[in-house]
Amino acid sequence: MEFSIKQGSPEKLKSGCVVVGVFDGGKLSRAAQALDKAAKHALSDLIARGDMSGKAASTLLLHKLPGVLSERVLLVGLGKASELNNKTSLEILSATFKALNATPAKDATLFIVDEGVGKDAAWVIKQAVFNAAEQAFRADGMKSKPAKPATLKSITFASLEKPVAALKTAVEQAAATAHGMELTKTLGNLPGNICTPSYLAAKALALGKAHTGIKTTVLDEKTMQKLGMGSLLSVTRGSEQPAKLITMEYYGAAKTQKPIVLVGKGITFDTGGISLKPGAEMDEMKYDMCGAASVLGTLQAIAEMGLKLNVVGVIPTCENMPGGRATKPGDIVTSMSGQTIEILNTDAEGRLILCDALTYSKKFNPDTVIDIATLTGACVIALGHVASGMFSNEDKLAGELIAAGEQSHDRVWQLPLWEDYQPLLDSNFADMANIGGRAGGTITAACFLARFTKDYRWAHLDIAGTAWKSGKEKGATGRPVPLLTQYLINRTASK
Ligand code: BES
Ligand code: MN
Ligand code: ZN
């Protein structure tokens, strides 16, 4: 889907459908007033007749208005200007694209930038782009007869006044972010028999080919063995698929500038290993590589934007399977850091691959390291599907992530990393155990990672509740690509 922004008047800009807002009580927005004038009061007449009240997120589709070049006009209710909040803005946008997608229009012009759809025009534009892309996304690529792709292909945001440069940038950044989310969703939805560690590595190499700014390297098990990644390798022992360690280096700024490293959990299927998971909904463990997919999506997005920043993606990827060679509860392994780990539960495997990837990340001399992982079921219990869990060893970084979450509407909630939780990981036989019991499961998982991230500024995102939807709407969400790209955009602005 393509997005652009321009100045114009609604009766003259020609497209499959022009969209204008109507406030509660039938008060016309400025763009609607212009249309009304051109169409000999067709809009004020129908409002007087009671066909459109302006109730938030209501819509009315009109055809061939006299004096209007577009074939269709979509009136969208904006509600009371005084009652507008982010939630209503999103409902209005969602209703708008639902109504547009019900028409055969291939392109549409939206007068929503200066028309009270939201408090902040850039925010509204970004959310409009994400919503349009989400509604156009199809997850049925593996059906023998996929449904028809969306007909709506091109969106123009229009405003009566010349749009400021910042809004043009907002459209470009949002479009690149939406494209990145699409990649993340597509990878996330792929089943484990197709999306293997080697498949992810091939996709990362392809991304390197498509964007000259990205250099991809893939390490095999032999090299990981030499590096001493005993923790990562313990997870893949039960699998027939070889593990991979993928790195993607994007240098958009001077090489001397320290990079931000994104580390994504890439378990392409999590059976639990010998600590086997119960059967119900186990299929959803194909999503256990969504952290990795979000790193790929974010790198694609920033490369498309040409962001002037250095970013490195690190993806440890393997399967977690039971088998004759698989790691057993009680086994002790040595991580790349030298610290030993007693594996009391083979289903707590995410932290085992991440700890070695986090140690490996030091080689990039990072400014900041952020890991992204579908790490704990406990995080879903704590925060549901609204916010991702966030931890950091630096409050400034935590604050920046919270702010980027609000800006992108891809929100995080900070949880404590207090030392008080650390003793829960004590082991009689090794430096630490890989689990800390049921209490505070999301926190003890983060505390485990904290033992490997002492040398740099670090944050951990637990996306177990936000990376995909279950039930009838089952599918990857593309989160937290909007959060990560917004954070990176903000980092360029502050430099
Ligand atoms: N991938 C899972 C976490 C998960 C579970 C994400 C359910 C989304 C939904 C992770 O590898 C895991 O199995 N974690 C265990 C940890 C436990 C053994 C300490 C969990 O959450 O049950
Ligand atoms: Mn697991
Ligand atoms: Zn897992």
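Which residue stands opposite Thr340 in strand 14? Thr334 does; more on that pairing in point 5, after the domains.

1. A word on what you are looking at: this is a predicted model. The domain assignment splits the protein into domain 1, covering 2-160, and domain 2, covering 177-494. Between the C-alpha centres of these two domains the distance is 38 Å.

2. Now for the interface itself. On the domain 1 side 11 residues take part in the contact, and on the domain 2 side 16 residues do. Together the two domains bury about 1100 Å², with 63% of that on carbon and sulfur atoms. Three residues are worth picking out on screen: Phe130, Phe137 and Met142 supply 44% of the area that domain 1 buries against domain 2, more than any other three residues.

3. The polar side of the interface is easy to follow too. The count between domain 1 and domain 2 is 1 salt bridge. Glu134 forms a salt bridge with Lys185, and their closest N and O atoms are 2.7 Å apart. As for polar contacts across the interface, 5 residue pairs are found, with both residues at pLDDT 80 or more.

4. Which element gives the most to the side of domain 1 that touches domain 2? Helix 4, spanning residues 121-136, does, with 7 residues. Sorted by class, that side of domain 1 has 8 nonpolar residues, 1 polar residue and 2 charged residues.

5. Back to the opening pair. Strands 13, 14 and 18 form an open sheet of 3 strands in the order 13-14-18, and the pairing is mixed. Strand 13 (332-334) and strand 18 (432-433) are the edge strands, each pairing on one side only. Strand 13 and strand 14 (residues 340-342) run antiparallel and are joined by 3 bridges. Here you will find Thr334 opposite Thr340.

6. Some parallel pairings also deserve a look. Strand 2 (residues 17-23) runs parallel to strand 6 (residues 107-110), and 3 bridges join them. Val19 stands opposite Leu110 in strand 6. Strand 6 also pairs with strand 7 (residues 154-159), again in the parallel sense, over 4 bridges. In that pairing Ala108 of strand 6 faces its partner Ile155, which stands opposite in strand 7. As a reminder, strands of a sheet pair through backbone hydrogen bonds, either parallel or antiparallel.

How values were computed
Residues numbered from 1 in each chain as written. Chains lettered and ligands numbered in written order. Predicted model: local features only at pLDDT ≥ 70, side-chain atom pairs only at ≥ 80, totals over all residues. Heavy atoms only, no water. Domains from an automatic or database assignment. Contact = heavy atoms within 4.5 Å. Buried area = accessible area lost by both parts, 1.4 Å probe. Salt bridge = Lys/Arg side-chain N within 4 Å of Asp/Glu carboxyl O. Polar contact = N/O pair within 3.5 Å; in protein donor to acceptor, adjacent residues only side chain to side chain. Helix = DSSP H or I, 4+ residues; strand = E, 2+ residues; numbered from the N terminus. Nonpolar A, V, L, I, M, F, W, Y, C, P; charged D, E, K, R; others polar. Pairing = 2+ DSSP bridges.
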